[in-house]
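Hi everyone, thanks for coming. I'd like to walk you through one structure today, so please have a look at it while I talk.

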Amino acid sequence: MSFKSKTEQSSRSFVSKKWTFLLCLSCFCAGILFTNRMVAVPESKAIMRTTAVEAEKLKLISEGCNLKAKGEKHVSKDIIGEVFKTHHAIQTLDKTISNLEMELAAARAAQESLHGGSPLSEDVSRVGSSRKRKYLMVIGINTAFSSRKRRDSVRATWMPQGEKRKKLEDEKGIIVRFVIGHSATSGGILDRAIEAEDKKHGDFLRLQDHVEGYLELSAKTKIYFATSIALWDADFYVKVDDDVHVNIATLGETLVRNRKKPRVYIGCMKSGPVLSQKGVRYHEPEHWKFGETGNKYFRHATGQLYAISKDLASYISINQHVLHKYANEDVSLGSWFIGLDVEHVDDRRLCCGTPPDCEWKAQAGNICVASFDWTCSGICRSADRIKEVHRRCGEGENALWSATF
């Protein structure tokens, strides 16, 4: 091979490698450029598309939140309204149930009297008609078999008799009865004596389920309220002892001022010591329940006279079988209201002293509701002295008939 042919072959080989390299480089650059265009454009569109979708989602979520908030406000108002309606319905239902329970109690009392063979009192026999009438108050005068002279002294002073008592019920809406149960010997001489007295005066409320006894006063109080609320629909139920002087018109005016209060307990509130010593008067066998020795009772009305509203009397009637009885009746009553939403009204006119105390107050225009001697827990020798108290501290007969309740 000649030198020229070798040179030409070498030149062609050199050119081929150079162009091959340039061609490869060009292809590589073209590939990168092509690849960037192919990738960048779709990625940009995808981002834009994604951003638009996300924005739409955020808009929907935002609108949904606003609708939800508005809906929640609307639903909240609806729920509150429904709660009030439900609460009102429950209160109405409770009141209806309470009235039905009282009607049932009255029917049971009448039925037990018939089946037991005991005389059916005039009050029980008239339960159907009396329940239709609304009364201001029922005054129950707590008495005993041995208290005939006390009862006669009350009849001769502050308690109207005969047609006047009927007029008091019809015109003023005030019921007044002596409250007594039965003797341990049913149908014995004591019961027959009360039956004869009731036949003459017609002013007794006989407690069919109660056996009289000094240690049974707490039980008697429960049965009295349960029986009286079954017989008469009144705003207030009053308990008073038969050795206390009462001005009925002043009592009525006092109660009327508290008529709008649903659960009210009216009396002279006190808090005496819990007596743990055996053999002393007013000894409390369950003194340990009231804390250490020397502690005092909770506030409660003195037992000579107190009044409770209809709701509280109904509460006692419905729950009488589970209400605990302490030795002292006034303490028992106060304990039944512990834990309840009850307003205690402390009115000192319900516990005035006998003359000259109540007389001075009457002359000053502040007539007392009730008068008695603290030393005797009633008027000392009341059968003999109550007429004097009535003359000097009484409100006058015209006060009762001219009063508007």
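Let me start with a bit of vocabulary: a helix axis here is a line fitted to C-alpha atoms over the stretch in contact, and angles between axes run from 0 to 180 degrees between N-to-C directions. Please also keep in mind that this is a predicted model.

With that in hand, let's go to helix α4, residues 148-155. It packs with helix α6, residues 189-201, at an angle of about 10 degrees, and the two axes are 13 Å apart. Angles under 35 degrees count as roughly parallel, so α4 is roughly parallel to α6. Who makes the contact? From α4 we have Arg148, Arg151, Asp152 and Arg155, and from α6 we have Ile194, Glu197, Lys200 and His201.

Now look at which residues of α4 are buried. They are Arg151, Ser153, Val154 and Arg155, and the buried residues of this helix pack against β1, β2, α6, β3 and α12.

Is Arg151 buried or exposed? Arg151 counts as buried because its relative accessibility is 1%, and the cut-off for buried is under 20%. Leaving aside residues up to four places away in sequence, Arg151 touches Thr143, Ala144, Phe145, Phe178, Ile194, Glu197 and Phe204.

Let's turn to charge pairs. Side chains of opposite charge can pair when their charged atoms come close. In α4, Asp152 forms a salt bridge with Arg155, with the closest N and O atoms 2.9 Å apart. These two residues sit three apart in the helix, about one turn. Asp152 is partly exposed at 32% relative accessible area, whereas Arg155 is buried at 8%.

Over in helix α12, Glu388 and Arg392 form a salt bridge, again with 2.9 Å between the closest N and O atoms. They are four residues apart, which is about one turn of the helix. Glu388 counts as partly exposed at 32% relative accessibility, and Arg392 counts as partly exposed at 27%. Back around α4, salt bridges that share partners join Arg148, Arg151, Asp152, Arg155, Glu197 and Asp203 into one network.

One more pair for you: Arg385 forms a salt bridge with Asp373, and the closest N and O atoms are 2.9 Å apart. This one links distant parts of the chain, with Arg385 in α12 and Asp373 in the loop between β9 and α12, 12 residues apart. Both Arg385 and Asp373 are buried.

That same loop holds Ser377 and Arg381. Ser377 has a positive phi of about 55 degrees although it is not a glycine, and Arg381 also has a positive phi, near 50 degrees. Ser377 is buried at 17% relative accessible area, while Arg381 counts as exposed at 59%.

Here's another backbone detail: the peptide bond from Pro355 to Pro356 is cis, with omega near 15 degrees. You'll find Pro356 in the loop between β8 and α11.

Finally, an inside and an outside view. Helix α8, residues 248-256, is largely enclosed by the rest of the structure, because seven of its nine residues are buried. On the surface, Tyr214, Leu215 and Tyr282 form a nonpolar patch with about 400 Å² of accessible area together. Tyr214 sits in the loop between β3 and α7 and is exposed, at 58% relative accessible area.

Thanks for listening!

Definitions and conventions: Residues are numbered from 1 along each chain as its sequence is written. This is a predicted model: local features need pLDDT of at least 70, side-chain atom pairs count only at pLDDT 80 or more; totals for chains, interfaces and linings use all residues. Side-chain values use heavy atoms; hydrogens and water are left out. Buried means under 20% relative accessible area, exposed over 50%, partly exposed in between (1.4 Å probe, protein chains only). Contact means heavy atoms within 4.5 Å. Patches are made of residues with over 30% relative accessible area and no salt bridge: like charges are joined within 9 Å, nonpolar side chains (Val, Leu, Ile, Met, Phe, Trp, Tyr) within 5 Å. Accessible areas come from the Shrake-Rupley method with a 1.4 Å probe; for residues, only the protein chains shown count as cover. A salt bridge is a side-chain nitrogen of Lys or Arg within 4 Å of a carboxyl oxygen of Asp or Glu. Angles under 35 degrees count as roughly parallel, over 145 as roughly antiparallel, 65 to 115 as roughly perpendicular and the rest as oblique.
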